[in-house]
Every structure is written in C-alpha cells, then in structure tokens.
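Q: I have a model open and want to go through it with you. Can we start with how the chains meet?

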Amino acid sequence: MDFGLTEEQELVVRTVRDFVERELYPLEAQVERTGELPRELGREIQDKVLALGFYAPNIPAEFGGGGLDAVTFALLERELGRTSMALNHWWFRPSNILCAANAEQRDRYLLPCVRGERIDALAMTEPDAGSDVRGMKCFARRDGDDWIVNGTKHFISHADVADFVIVFIATGEEGSGKQSRKRITCFLVDRGTPGFEIRKGYNSVSHKGYHNCILSFDDCRLPSSQILGEEGLGFEVANTWLYATRITVATMCVGRARRAFDIALNYAAQRKQFGQQIGKFQGVSFKLADMITSIDAADLLTLSAAWRLDKGLPANREIAQAKLFASEMLARVTDEAIQIHGGMGLMDDLPLERFWRDARVERIWDGTSEIQRHIISRDLLRPLGA
Amino acid sequence: MKILVPVKRVVDYNVKVRVKSDGTGVETNGVKMSMNPFDEIAVEEAVRLKEKGIATEIVAVSLGIPACAETIRTALAMGADRGILVETDVELQPLAVAKLLAAIAAKEQPGLMILGKQAIDDDMSATGQMLAAFLGWPQGTFASQLTFADGGITVKREVDGGMETVALSLPAVITTDLRLNEPRYASLPNIMKARKKPIETLKPADLGVDPTPRLKVLKVVEPAKRKAGVKVADVAELVMKLRTEAKVI
C-alpha cells in the first residue's frame, strides 16, 4: 500500500494550485460582489487552461482530452475546489457522458467541447422531480422520426453559458399499475432550437456567479439523431458515465476545507487575547485538531474511492461515502473556522463567510446527504435480502 | 547551442522558515521544498531560447541529496530535455557547487549556463560569479534582458544605480534577476513527458571534486524581533532625537 503521490501527481497538484492561487483568487472578490463573471474573463481562463494542456483533463486522450486516471483527476479537482465554482468551472471538464456519443455526435458535441469551442450543461432536475428523478414530467412524444418535447427543468448549473444541454426526458412508460416505470431518454439539445428556452434561474446563497437556470420546452421538435445512447436507456447511459462525478463534490470539499483551515490555523497562531495566542487555549486548539483530522479523513476516503475506480473495483458505495462525509465535513470546518475568528469571520473582508455559504449546497446537489446514506445502506443490506 | 541550468532544492518560498532549536541551521524536516524561484526564471529563459531556435538542448543540473531529482523533474516538466544529479549528502557551499558545475561544464561543453542570481535559502549570490571565474568565461549577472546577435549576447543588468548593458562572447555565464521573465506553469503534456526524460546520476568523485565545506557555520539565529517605536511630541523633539540618539543628522 502506497499513500504517496507520484512525481507526476505532485507536479499536477502544484501546477493546478499555482494556477488557482495566481489566476483565480484575484478574481474572487469581484465575482462575489457582482454575482457575475464576465464572459470575456471566463474565455480568458479557458484560453489559459487550453494553453496549459490541462483542458478537459477527464476526457480520454483518444478524444483529445487529458486522459487522467481517477486519482490524478481527483487531485486536480481538489485543487480547483479551493476557489469558487463561478471561477473553477471555466477550467472545463466536459461531462463524461459525452463519451457515449456516436461518431456523428462526437464531431458535433464531444470534440468541440474538448477543444474549448463549445460548452455543455446537464439537465436532470425538475421542480417536481428532485431526488425522485424518475418522477420527471418533462415528456417527449414521438412524431415520425422526431420527438416533440414539453416540460420544464430547473437548477441547471451554468446553462446560461452552455451551447447545448444534455437533457433527460421521459419518452413513455413501461409496465402497468404499480410496476409502471417511465422510460427515460437522454437528448442533446442545442441552444437556439425552436421551442427550447434557457432562462435565468434563482438567486442562490451558495456559489455566487455560478448560475442555475430554468429550461423550458414548448413543442420543441428534436430528431432521433439527437438521442445520446438509445431511446429508453437514458439512466443506463447516466449510470455508466456519471456515477463517478460525485467524487468531484467530495474532492472539491476537501480542497476548500483545507483553504479555510489554513486561514483559521494562521489566525489562531497570531491573534492574541488574554495575553496569549488564542491557539494556546484548548478551546481553540482542540477545534483545530478535530478540523484537520476530519479533513484528512475525507481526503483519504475520497482518494481511495477514486483508487477503486482506477482498479476497476465496485465503488458506488465508497463514492457515496466520500461525497457524504466530505460535504458534511466542509460544513463543520467552515463553521468552526468562523468560530475561531469570532465576529470577523462573518465579515466579507475574509473569504470564510463565503466558504460557509458555499458549503451549504454541497450537501444537497449531486444527490443529497440522505440519498447518499440510502445508497450506502442499500449496498450493505441488499445482499442480506433486506 | 546547449544550455546548462543548475536548479537548487530550497525551502518553498511560502513556508515560514524556522531555526532549528540547536542553532545549526533552519528546519527542513517535513517542510515543503521547491525549486529556487530564481532558478525557475533560469529554466524559463532557457526554454524560451529553445522555442526561439537559439538553444537546441537544455540540461537541468541539481546537486545534493537524492530528493533533488524532484527539482530536476520540475525543470523537465517545464521543458528541459534531460537532467544530471550529482548525489552527495555533504552540505554544499558555493565554492564546491561552482567547482562541481565547472567540472560538468567541462564534460558537457554548453554554450551558455543560466543560473539564479542567488538561492532564497542562504542568499549567498556567489555561485555564478565563482563558476565564471573557474571556467574563465564572461559573466552577465543579475540579468533582466538577454539579446543574442552576431554570435554573442547582450545582457541588461540590474545594478544599484539603474541598468547596465554588457556585451559578452559565448560561452558565458548568466545569472537571472526577478524581472527577466515570468516562469510558466508546467503543462500537462510536459508533466507526462518528463517521466520519460533521462536523469543521469553522478558522484562528486566522478567529477574529481572534493565538496568538503570550507566555511564553518557557527550559529544560526532568528532575526531580532522589532521593538515598538516611540512617539515624539513635535518636530523639535524629532530633530533632537535624530541628532543625539539615531545620530543620522
């Protein structure tokens, strides 16, 4: 067993960390103040990452991506997680699901995304279908070789800058009565398709400048050639290509927690009250001990889940554990980092109040903590017949 | 033209340096180590010269413990072609480093050697100058701009009074100042390629150099803590104190 990073991994971590600190940290205050990252600035970030050869690092090398293994990719995203989503999402990691594209779709969707020419977004959630995704109401009716889509999606991250959206839509039902299940199909929908509209979403407390959008379909006509994978097999495509993406949430939580921790640690070592550094008071020092212990635990849990992916081992439960633990850890660590700072921790002169706000969504998106617990316990109980 | 770039493993510039409790030096155990920032500038300059077609090969050299191979690997990931590690656990001082580098230069016959003007650990700023003396080559230290023409090189130097321009014939020794360039990030393709680039390992004896220290460190202490200043009531008191206490006027 070897817990050390390879020389390549060390260099990847260093490059990404340096880039994030030098190129992205200076933009944070502006994004937070305005709630926007101007498109031109996003493009500049994209161009710099393209020049680094680090764009689309998750996509296999045969499609022109970085072809990183799961552990190295988790390390890269861990460092990206140090800054806000509004900034780090411009270091694009096109959705892995695009690798399911056929040859013709590959040229129109996957390859331009890898080259930084097009931007993708992914749409599953609806106002009445959150954790219960199969309950979706967005529906496509067959019309010859075309599909007519009606319905609404919401909470669709960064669809405002996307050129196309990967959308999951019901295309019928199978079975009857209690056994009936919706057939879900994955479609590629271009911005500008008649009957398809991308609208501004809600103002969120977390990740200002990283916008969620509402998609509406009003008799939107899509040819069958826009189906990714096969009709009725949308969730199968998603499970094949997307089940590892929860590692992104886990590892970004670890990166951001370390940044919050470093700020708290330095403050504890400098701030004096009652004639000594507050870090010398057990009330503060024990907090630091608990914080770093849970950060390291989340880091190892996450990297070991990624390692299982690289080894081809089952990892669904381990990924859920990492996502659950790391997102709840980030909530505690950012909360305690503020507590160590006292009132100053709540002021926007420091980034801590932002980390604390941003942390809230991590327990909700990409599967709530409750859904992760469900996945974990189901994995344990199912073999026992329960 | 072949360029040799020595790179030193030093305590990372972000780390708050601590003096060892026995006063023999600074703590490096468990401390993050990186390439000396001035050496990064040297590697960057060499890579740019290769991109311009002036250089054909870049050799990164590091001297010291086996972990210095990591520093060479960083240079390879920035674009150097191969590495040489002179392995020794002897504490290396500028004179020994200059001798070792001169021996490597005799073996490799580079057209140019680019060094950092100093290392951020002991700030000696001596190796480049000593190396030029050993080799009998011209030197352009504290360089902030290099221009190649007619088989020679013009170096803009940062000196106390401003900028000085010197013309050197080749081969030559250059040491880099802060404003020569801004080093690039290691790119993903170069990081992956770096693994395949060779690093040759030598011992000081292979180069016929005795690296034994000639200088003895008596004691290393933290800088004295700054004391709080005093407030003066008026200009008259200030002038009086400047005259009688500070003795500057």
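Q: How many residues does each chain bring to the contact between chain B and chain A?
A: This is a predicted model. In it, 15 residues from chain B and 15 residues from chain A take part in the contact.

Q: And how much area do chain B and chain A bury between them?
A: About 1500 Å², with 59% of that on carbon and sulfur atoms. On the chain B side, Y185(B), L188(B) and I191(B) give 46% of the area chain B buries against chain A, more than any other three residues.

Q: How many salt bridges cross that interface of chain B and chain A?
A: The rule finds three salt bridges there. One of the pairs in a salt bridge is E7(A) with R73(B), whose closest N and O atoms are 2.6 Å apart.

Q: How many residue pairs are in polar contact across the interface of chain B and chain A?
A: Five residue pairs, both partners at pLDDT 80 or more.

Q: Which helices of chain B supply residues to the side that touches chain A?
A: Helix 2 (68-78) and helix 5 (188-194) of chain B, each with at least two residues on that side. By class, the side of chain B that touches chain A consists of eight nonpolar, three polar and four charged residues.

Q: Staying with chain B, how many helices and strands are there?
A: Chain B has six helices and eleven strands. Its C-alpha trace spans about 70 × 45 × 40 Å along the principal axes.

Q: What share of the residues in chain B is buried?
A: 46% of the 249 residues in chain B are buried. As for contacts in chain B between residues at least 6 apart in sequence, 70% of them join residues at least 24 apart.

Q: Over to chain A. Which domains is chain A divided into?
A: Domain 1 (7-93), domain 2 (120-239) and domain 3 (243-384).

Q: What separates the centres of domain 2 and domain 3 of chain A?
A: 32 Å, with the centres taken over C-alpha atoms. Where these domains of chain A touch, nine residues of domain 2 are in contact with ten residues of domain 3.

Q: What area is buried between domain 2 and domain 3 of chain A?
A: About 700 Å², and carbon and sulfur atoms give 54% of it. The side of domain 2 of chain A that touches domain 3 of chain A has three nonpolar, five polar and one charged residues.

Q: How many salt bridges does the rule find across the interface of domain 2 and domain 3 of chain A?
A: Zero. For polar contact, the rule finds five residue pairs across the interface of domain 2 and domain 3 of chain A, both residues at pLDDT 80 or more.

Q: Now single residues. Where is T302(A) found?
A: In helix 8 of chain A, residues 282-311.

Q: Why does T302(A) count as buried?
A: Because its relative accessibility is 1%, and buried means under 20%. Beyond its neighbours within four places in sequence, T302(A) is in contact with I247(A), A250(A), T251(A), V254(A) and A322(A).

Q: What about Q46(A), buried or exposed?
A: Q46(A) counts as buried because its relative accessibility is 2%. Q46(A) belongs to helix 2 of chain A, residues 39-52.

Q: Which residues does Q46(A) touch, not counting those up to four places away in sequence?
A: Q46(A) touches Y55(A), W90(A), F92(A), G116(A) and I119(A).

Note on methods. Residues are numbered from 1 along each chain as its sequence is written. Chains are lettered from A and ligands numbered from 1 in the order in which they are written. This is a predicted model: local features need pLDDT of at least 70, side-chain atom pairs count only at pLDDT 80 or more; totals for chains, interfaces and linings use all residues. Side-chain values use heavy atoms; hydrogens and water are left out. Contact means heavy atoms within 4.5 Å. Buried area is the accessible area (1.4 Å probe) that two parts lose on being put together, summed over both. A salt bridge is a side-chain nitrogen of Lys or Arg within 4 Å of a carboxyl oxygen of Asp or Glu. A polar contact is a pair of N or O atoms within 3.5 Å; within protein, one must be able to donate a hydrogen and the other to accept it, and residues adjacent in sequence count only if both atoms are side-chain atoms. Helices (H or I, at least four residues) and strands (E, at least two) are DSSP runs, numbered from the N terminus. Ala, Val, Leu, Ile, Met, Phe, Trp, Tyr, Cys and Pro count as nonpolar, Asp, Glu, Lys and Arg as charged, and the others, Gly among them, as polar. Buried means under 20% relative accessible area, exposed over 50%, partly exposed in between (1.4 Å probe, protein chains only). Domain bounds come from an automatic or database domain assignment.
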